[in-house]
Amino acid sequence: MSTTADPLAALGALPGVADSVDSVRKAVDRVYGHRVMRRRSTAVTSEAALRGARGSAALSGADWPLEEVRRRSDFSGAGGDEEARTVGAALRLTAEAGQLLSIWRQSPLRVLARLHLVAAADNGDTVGRPRQVGEPVDEPLVELPLPDAQEVAGRLEGLSGLIIAGGSAPALVTAAVVHGELLALRPFGSHNGLVARTAERIVLVGSGLDPKSICPAEVGHAEQGRAEYLAALEGYVSGTPEGVAAWIAHCGRSVEFGARESTAVCEALQRGAA
């Protein structure tokens with residue numbers, strides 16, 4: 001990141017990022033302007049939450065059809081069904097995100113700890129706190145070099161400071177950096193991908209870009225595919241201007257795909273088909 005007083009805003013000046021920001025804003029505005037949003041925005045929000053959770057779970061290895069997620073009621077993972085646990089964690093996180101918006105800007109690390117508690121659904125002593133020296137990480141789908149616990153602690157504090165300080169960076173840039181940092185660091189012993197994508201959602205909603213949470217970026221990340229997702233993340237981790245800009249653009253396309261998904265939901269509701 002830049003060493004300027006507002007490093008997130010400096011990222012907004014990277015080549016192509018302004019175009020991504022503008023494209024995302026137009027896509028979000030279009031779905032918010034749909035006539036169905038005037039009468040049935042709650043239904044659109046609920047459907048976006050379900051589809052977003054499904055997308056996030058897919059990126060963590062549980063790629064279930066939407067109707068299976070809608071139909072199932074037991075996500076306890078009985079009998080060792082890890083995919084069910086993953087889908088359940090994604091659904092819980094999506095529901096929890098809306099409860100944490102007011103806390104995020106004052107205490108992002110507290111929110112991240114809470115998200116991990118919700119995802120893990122466990123009372124173990126490694127849950128709800130960043131990992132310590134020697135503790136393993138269960139995140140098999142992200143095969144990037146793992147920063148040590150000391151680096152994790154320092155970078156989390158730095159990220160927290162940027163969020164608390166605020167600044168002029170576009171919401172897309174902040175959301176992409178939060179998402180990218182958390183996946184690069186993998187600060188928790190498990191569920192880091194799910195937590196990172198939920199934190200991205202919190203930024204997009206809390207910033208006012210998507211206040212009704214109807215443009216689930218998780219849908220777009222999943223639609224672009226895990227290989228492209230991980231390739232874009234590698235660009236972010238590289239720290240090069242081109243790599244970081246490509247990651248922000250990837251996140252922007254994901255929001256646009258989420259907006260497109262909710263536009264389709266609006267059209268279905270208008271036809272009385274959903």
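**Reading the core and fold of a predicted model**

Q: Which residues touch the most other members of the largest nonpolar core?

A: In this predicted model, Leu11, Trp104, Leu112, Leu115, Val178, Trp247 and Ile248 touch the most other members of that core, which holds 77 residues. In soluble globular proteins, nonpolar side chains tend to be buried together.

Q: What does Leu115 touch, not counting residues up to four places away in sequence?

A: Leu115 is in contact with Leu93, Leu100, Val195, Thr198, Ala199 and Ile202.

Q: How many helices and strands does the protein chain have?

A: There are 13 helices and zero strands. Read from the N terminus, the order of elements is α-α-α-α-α-α-α-α-α-α-α-α-α.

Q: How should the radius of gyration of the protein chain be read?

A: Set the value against the one for a compact globule: for 274 residues that would be near 19 Å, and the protein chain has 18 Å, so the two agree. Along the principal axes, the C-alpha atoms fill a box of roughly 55 × 50 × 35 Å.

Q: What share of the contacts with a separation of 6 or more comes from residues 24 or more positions apart?

A: Such residue pairs account for 73% of those contacts in the protein chain.

Q: What percentage of the residues is buried, and what does the chain expose?

A: Of the 274 residues, 51% are buried. The exposed area is about 12200 Å², and carbon and sulfur atoms supply 51% of that area.

Q: Where do the positive and negative charges lie on average, relative to each other?

A: The protein chain has 28 positive and 33 negative charges, and their mean positions are 9 Å apart.

Note on methods
Residues are numbered from 1 along each chain as its sequence is written. This is a predicted model: local features need pLDDT of at least 70, side-chain atom pairs count only at pLDDT 80 or more; totals for chains, interfaces and linings use all residues. Side-chain values use heavy atoms; hydrogens and water are left out. A nonpolar core is a set of buried Ala, Val, Leu, Ile, Met, Phe, Trp, Tyr and Cys residues joined through side-chain atoms within 4.5 Å. Buried means under 20% relative accessible area, exposed over 50%, partly exposed in between (1.4 Å probe, protein chains only). Contact means heavy atoms within 4.5 Å. Helices (H or I, at least four residues) and strands (E, at least two) are DSSP runs, numbered from the N terminus. The radius of gyration is taken over C-alpha atoms; the globule rule is 2.2 Å times the number of residues to the power 0.38. Accessible areas come from the Shrake-Rupley method with a 1.4 Å probe; for residues, only the protein chains shown count as cover. Lys and Arg count as positive and Asp and Glu as negative; His and the chain ends are not counted. The place of a charge is taken as NZ of Lys, CZ of Arg, CG of Asp or CD of Glu.
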